[in-house]
Amino acid sequence: MYPIPGHTSYPSIHVPLRETRPHPRTHAPVPGPAVHPRTRPAPWLAGGAGGDAGLARAELRGRAPGKAGPGGGGAAVSAAAAAAAAPWRRRRRGPGGVGRGREPTPGQRSRRRRSGPGGGGGARYFDTKTTEPISFFLSGLEELLAWQPNSNDDFNISAVPLAKRQPPLHSRRPRTLVCHDMRGGYLEDRFIQGSATRNPYVFYHWRYIDIFVYFSHHTVTIPPVVWTNAAHRNGVPVLGTFITEWTDGEKMCEAFLAGGEEAFGAVAEQLARIAQHYRFDGWLVNIENTLSAAAVGNLPPFLRDLTARVHSAVPGGLVIWYDSVLQDGTLRWQNELNKDNRVFFDACDGLFTNYNWKEKQLEHTLRLAGPRHADVYVGVDVFARGDVIGGGFDTDKSLRLIRQHSLSAAIFAPGWVYEHLGEENFLQNEDRFWGLLAEYLPTHSICTLPLATSFSLGMGTSRFLDGKDEESGPWYDLSMQEIQPLYPEHQGRLSTSCCLQDAWCGGSSLRLQGTIPPGEERMAVRLFSLQMPAPPKLFLTLLYKLEGPQSDDFVVALEVTTWDSGTCLEGNPTSLPEPNGRYHPRFLPAPPPGLAKLLAACHRGSHGWTSRCYELELQDCSLRDLSVIVSRQQPSPQETSFTCLLGEVRVLDTASMAAAPPQVLSVTASQLWWQEGPEPEELSLSLTLRWSFPPGRARCFRVLSQGARCRRGQTAPQLLGLAQGCLFRAVGLPVPRPTPGQSCRLELLVEPVLRDELPVDPDRWGRLVLVYSSPGSGTSSDGH
């Protein structure tokens with residue numbers, strides 16, 4: 001058995017098996033109705049107070065290692081954990097649809113294809129085929145007003161707080177908004193714990209953008225939590241979409257806008273509550289239907305009310321209005337800010353204009369916006385539909401004009417790179433697209449420590465751990481995307497890209513390919529812009545791998561630069577200071593004895609990866625940049641090319657590393673679902689695990705199975721998956737079938753991965769032991 005130091009026994013949690021249903025791969029006959037589990041929801045999805053024979057109704061209590069007695073917490077499994085079925089229906093085209101002279105809107109491409117999630121219908125919170133947790137939307141006013149928080153939707157709550165960065169969103173610098181619209185939305189990204197998707201769409205140029213909008217044609221588009229997690233980790237706020245369209249939209253607007261303050265106040269309150277509950281950052285409001293005089297008269301008060309409620313409920317929250325309806329209720333896109341739509345701009349945080357603008361309209365918009373010029377997001381359709389400037393790989397033409405007029409930009413449907421050019425070369429085309437725009441996209445600086453990243457995109461062809469292929473096969477989970485760098489390029493001398501073939505941790509590493517020209521001895525690659533006071537002592541780590549026949553000819557190191565300051569000094573300097581505040585941290589061949597345990601990562605290099613650790617003492621300094629330096633070993637008059645993979649970079653405040661990591665507590669299980677198979681002597685078990693851990697301390701959690709067994713023996717732990725928050729749904733665990741009178745045990749472990757990536761000792765992990773037996777073994781029906 002995998003040892004957990006210092007612990008020898010755990011409370012026995014007995015769960016008697018009830019009647020089981022066939023596993024999808026066995027099609028074994030079952031008594032009673034012949035209902036295949038792939039065609040019906042799990043018992044606790046379907047609802048009903050009586051539950052189902054396939055559901056073990058028991059309260060399971062676990063405890064963390066080192067705690068005497070039960071861990072406490074956890075509620076009894078409820079057979080009535082019902083969820084309303086989401087009506088994933090196709091939306092019909094209205095009279096103003098594509099091909100009838102209508103100007104583009106933030107989602108018309110979805111109407112030309114299909115709307116609604118890929119993969120058909122299902123229960124709102126869980127996939128009915130597998131019971132995996134999924135993201136969802138709301139259709140219509142009735143669903144919106146009926147929405148209430150539900151324990152089943154905990155998986156949809158973002159576990160990643162919005163990271164701080166500089167300059168903040170409220171600065172007057174022109175901003176960049178990205179509006180994601182792809183095939184109706186809620187595709188593979190709806191699977192909260194990831195999927196085995198090959199060549200998925202990912203976005204990772206977060207340093208260049210200010211706001212991310214998830215768009216679809218459902219009335220209330222709640223951003224899939226995987227997007228919110230990835231964006232927040234990189235400091236980008238996320239907006240959902242509230243949209244009304246066509247004749248149905250007119251009726252809806254009549255119901256809540258023409259209905260007066262009480263009616264539109266109820267809608268505003270629900271939208272603000274939803275953003276607060278799921279921890280995203282606000283709304284894009286898109287009214288794309290004509291309005292009666294009564295409805296349009298209440299539209300500005302509704303926007304003011306919604307904006308005030310969002311600001312109150314969500315720190316830094318935003319409400320942005322899309323250029324559509326005019327103040328007289330007419331539906332007519334203006335492509336600018338003018339007297340006919342300014343009343344809506346004045347009522348909220350910004351305007352997202354339509355795309356068919358010309359330079360004169362930018363000039364008019366700038367004059368009218370005045371000091372709020374950065375709150376106008378000029379629409380840019382990457383698909384270049386209609387009479388637009390640029391689009392595709394010429395999108396920079398639009399950006400250049402927008403920036404010349406000091407306005408913000410709204411880049412709509414950058415998934416063009418993926419949809420139009422294909423999936424196979426997506427990463428190369430994506431880097432090309434954003435590289436062409438980089439000149440017009442001001443970057444952002446990280447302003448808090450720790451900074452730790454393995455550069456993973458949240459997808460891959462394998463899952464790596466400590467430089468080794470831990471699990472082969474495609475995977476996609478944007479929640480596991482790491483902090484992304486600047487992706488710098490110098491024409492002809494340096495290119496930065498993602499490498500899926502080899503990584504230290506996650507699914508990808510960062511590939512640096514460059515050339516050191518004659519007469520120069522090194523190249524600096526700026527990875528991160530920083531803007532924060534430097535702590536007295538920094539600890540830095542670097543994991544890298546040099547590739548190619550000349551790999552022994554180079555040295556790789558880190559460089560930290562500081563902002564110009566007459567008082568900034570390096571403590572304990574090892575060399576004369578360089579101009580421009582450049583500091584080269586001291587290489588530590590071995591960590592100091594007092595930090596040996598915490599800094600064991602200095603010796604982690606393996607499988608061809610090299611690990612380096614550094615320390616740097618600074619006095620009265622502010623950090624500016626973190627760069628990697630690739631230098632020649634020996635001077636050479638020849639041009640020399642190199643390829644270097646970066647597997648991990650960390651910048652840590654040494655003082656914050658002294659405290660012992662917290663412990664995972666109160667591991668409980670609920671929502672158990674037993675099935676037959678996949679083998680005759682096996683059962684399949686799905687269950688939800690919950691635990692407690694201090695907020696903000698963990699980067700993620702690794703959930704492992706010690707294996708189930710009915711006899712004494714040892715098994716190596718196997719990774720079940722990664723969790724962002726303190727809950728995880730294990731799906732389809734194969735476990736042995738107990739014989740009559742026999743008990744079996746399943747051990748589950750929860751390993752916290754801290755934000756600084758330092759390993760946590762196993763005695764601080766969470767652990768749950770589940771003991772189960774067949775009917776007639778004498779165990780009580782409540783599981784105890």
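Two strands count as paired if DSSP finds at least two bridges between them. The model treated in these exercises is a predicted one.

**Exercise 1. Strand β32 and its partners**

Determine with which strands β32 pairs, in which sense, and over how many bridges.

Solution.
Step 1. Consider β35: this strand and β32 run antiparallel, and 10 bridges connect them. One example is S705, whose bridge partner in β35 is L748.
Step 2. Consider β33: here too the sense of pairing with β32 is antiparallel, over five bridges. F701 has A723 as its bridge partner in β33.
Step 3. Examine the covering of β32: of its 12 residues, 11 are buried, and the strand is thus described as mostly covered.

**Exercise 2. The disulfides**

How many disulfides does a search of the whole structure find, and which residues do they join?

Solution.
Step 1. Recall that a disulfide is a covalent bond between the sulfur atoms of two cysteines.
Step 2. Apply the search to the whole structure: it finds two disulfides.
Step 3. Identify one of them: C568 is joined to C621, with an S to S distance of 1.9 Å. C568 belongs to the loop between β23 (554-562) and β24 (569-571), and C621 to the loop between β27 (610-619) and β28 (622-632), so the disulfide ties together parts that are 53 residues apart in sequence. The link of C568 and C621 is right-handed, with 95° about the S-S bond.
Step 4. Identify the other: C710 is joined to C744, with an S to S distance of 1.8 Å. This pair links distant parts of the chain, 34 residues apart: C710 is in the loop between β32 (698-709) and β33 (718-723), and C744 is in strand β35 (residues 743-754). The link of C710 and C744 is right-handed as well, with 90° about the S-S bond.

**Exercise 3. Buried or partly exposed?**

Classify C568, C621, C744, C348 and C726 as buried or partly exposed.

Solution.
Step 1. State the cut-off: a residue is buried under 20% relative accessible area, and partly exposed between that value and 50%.
Step 2. Take the cysteines of the disulfides. C568 is buried because its relative accessibility is 9%, and C621 is buried because its value is 5%. C744, at 1%, is likewise buried.
Step 3. Take the two remaining cysteines of the task. C348 has a relative accessible area of 7% and is therefore buried. C726 has 25% and is therefore partly exposed.

**Exercise 4. The surroundings of Q742**

Where is Q742 found, and which residues is Q742 in contact with, leaving aside its neighbours within four places in sequence?

Solution.
Step 1. Locate the residue: Q742 lies in the loop between β34 (727-736) and β35.
Step 2. Assess its accessibility: Q742 counts as buried because its relative accessibility is 16%.
Step 3. List the contacts, with those sequence neighbours set aside: C710, R711, R737, Y772, S773 and S774. The disulfide partner of C710 is C744.

**Exercise 5. Two packed helices**

Describe how helix α6 (residues 261-278) and helix α7 (residues 293-313) pack.

Solution.
Step 1. Two packed helices are described by the angle between their axes and the distance between the axes.
Step 2. Give both values: the angle is about 30° and the axes are 9 Å apart.
Step 3. Interpret the angle: angles under 35 degrees count as roughly parallel, and α6 and α7 are therefore roughly parallel to each other.
Step 4. State the handedness: the crossing of α6 past α7 is right-handed. Among the residues that make the contact are F264, L271 and Q276 of α6, and P301, F302 and R309 of α7.

Methods: Residues numbered from 1 in each chain as written. Predicted model: local features only at pLDDT ≥ 70, side-chain atom pairs only at ≥ 80, totals over all residues. Heavy atoms only, no water. Disulfide = S-S within 2.5 Å. Helix = DSSP H or I, 4+ residues; strand = E, 2+ residues; numbered from the N terminus. Buried < 20%, exposed > 50% of the residue type's maximum accessible area, 1.4 Å probe, protein only. Contact = heavy atoms within 4.5 Å. Axes fitted to C-alpha atoms, helices over the stretch in contact; angles between N-to-C directions. Parallel < 35°, antiparallel > 145°, perpendicular 65-115°, else oblique. Left-handed = near helix turned anticlockwise from the far one by under 90°.
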